[in-house]
Amino acid sequence: MNYWLMKSEPDVFSYDDLVAKGKAEWDGVRNHAAQGHMRAMRKGDLAIFYHSNIGVEAVGIMTIAEEAAPDSTDETGKWIAVHVAPKEKLAKPVTLKTIKADPALADMVMIRQSRLSVSPLTKAQFDHIVSLSRQ
DNA sequence: GCCAACGTTGGC
DNA sequence: GCCAACGTTGGC
């Protein structure tokens, strides 16, 4: 079981949009590091859904529903995408401000590389974010 | 709206 | 292969 963090701008695709669809392709990722993380995803892995630009906070948990396959929005055949499904909306969003202020989360890849849209989390980091959402 | 970080492109 | 120019992302 691996843990991930995936960013989306909520005015383009929000956690509620994912809930409405039930399952969705996480397409449009055009960064090699992020692609590498998506290739490493396995069915049943858990991921934090993070809203960038608007909200700037973790809002939900999703599961990886289907492993890497060609990105349907890509005509070059070079890029892959995974499918995700909603698991649980966080009781309270965990803001970037909260994450940055927490020493237990200082080593998150997202913090160190803010432009990376798909990044790994340790189990401890994942569990810590979930616990913060329940406070 | 600004700016830092960083990936990509293209000239040499 | 290097590096300057440029575009994009994302936080503030």
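## Terms and model

A residue is called buried if 20 or more other C-beta atoms lie within 10 Å of its own, exposed if 12 or fewer do, and partly exposed in between, with the C-beta atoms placed from the backbone. The model is predicted: local features need pLDDT of at least 70 and side-chain atom pairs count only at pLDDT 80 or more, while totals for chains, interfaces and linings use all residues. Residues are numbered from 1 along each chain as its sequence is written, and chains are lettered from A and ligands numbered from 1 in the order in which they are written.

## Overall fold

Chain A has five helices and six strands, where helices (H or I, at least four residues) and strands (E, at least two) are DSSP runs numbered from the N terminus. Their order along the sequence is β-α-β-α-β-β-β-α-α-β-α. The radius of gyration of chain A is 14 Å, close to the 14 Å given by the globule rule for 135 residues, so the chain is as compact as a globular protein of that length. The radius is taken over C-alpha atoms, and the rule is 2.2 Å times the number of residues to the power 0.38. The C-alpha trace of chain A spans about 45 × 30 × 30 Å along its principal axes.

Of the 135 residues of chain A, 32% count as buried. Among contacts between residues at least 6 apart in sequence, 70% join residues at least 24 apart; two residues are in contact if their C-beta atoms, placed from the backbone, lie within 7 Å.

## Annotated domain

UniProt, in an unreviewed entry, lists residues 2–131 as "domain: EVE". UniProt positions are given in the numbering used here, feature names are shortened, and annotations may be inferred rather than shown by experiment. Over residues 2–131 the chain is 27% helix and 38% strand, with the end C-alpha atoms 18 Å apart.

## Nonpolar core

The largest nonpolar core (a set of buried Ala, Val, Leu, Ile, Met, Phe, Trp, Tyr and Cys residues joined through C-beta atoms within 7 Å) has 31 residues, of which L5, M6, A47, I48, F49 and V84 touch the most other members. Two or more residues of this core come from each of β1 (3–8), α1 (15–21), β2 (24–26), β3 (46–51), β4 (57–70), β5 (80–95), β6 (118–121) and α5 (123–132). The largest share, five residues, is that of β4. Leaving out residues up to four places away in sequence, A47 touches W4, L5, M6, M62, I64 and V84.

## Strand residues H51 and E67

H51 is placed in strand β3 and counts as buried because 22 C-beta neighbours lie inside 10 Å. H51 and E9 are 42 residues apart in sequence but 5.4 Å apart in space, C-alpha to C-alpha. Apart from neighbours within four places in sequence, H51 is in contact with S8, P10, S14, V56, E57 and V59.

E67 lies in strand β4. With 16 other C-beta atoms within 10 Å, E67 is partly exposed. Residues up to four places away in sequence aside, E67 touches M41, R42, K43 and V82. The C-alpha atoms of E67 and M38 are 7.9 Å apart, with the two positions 29 residues apart in sequence numbering.

## Loop between β3 and β4

N53 is found in the loop between β3 and β4, as are I54 and V56. I54 counts as exposed, with 11 C-beta neighbours inside 10 Å. Neighbours within four places in sequence aside, I54 is in contact with E9, P10 and D11. I54 and S8 are 46 residues apart in sequence and 9.5 Å apart in space, C-alpha to C-alpha.

Most residues other than glycine have a negative phi. In N53 phi is positive, near 70°, and in V56 phi is positive at about 55°. N53 is exposed, with 11 other C-beta atoms within 10 Å, whereas V56 is partly exposed, with 15 C-beta neighbours inside 10 Å.

## Surroundings of the DNA strands

A residue is near a strand if its C-beta atom, placed from the backbone, lies within 6 Å of it. DNA strand B is surrounded by N31, H32, Q113 and R115. The surface near DNA strand B has no nonpolar, three polar and one charged residues. Ala, Val, Leu, Ile, Met, Phe, Trp, Tyr, Cys and Pro count as nonpolar, Asp, Glu, Lys and Arg as charged, and the others, Gly among them, as polar.

Around DNA strand C are K7, S52, N53, V56, L96, S114, R115 and S117. By class, these divide into two nonpolar, four polar and two charged residues.
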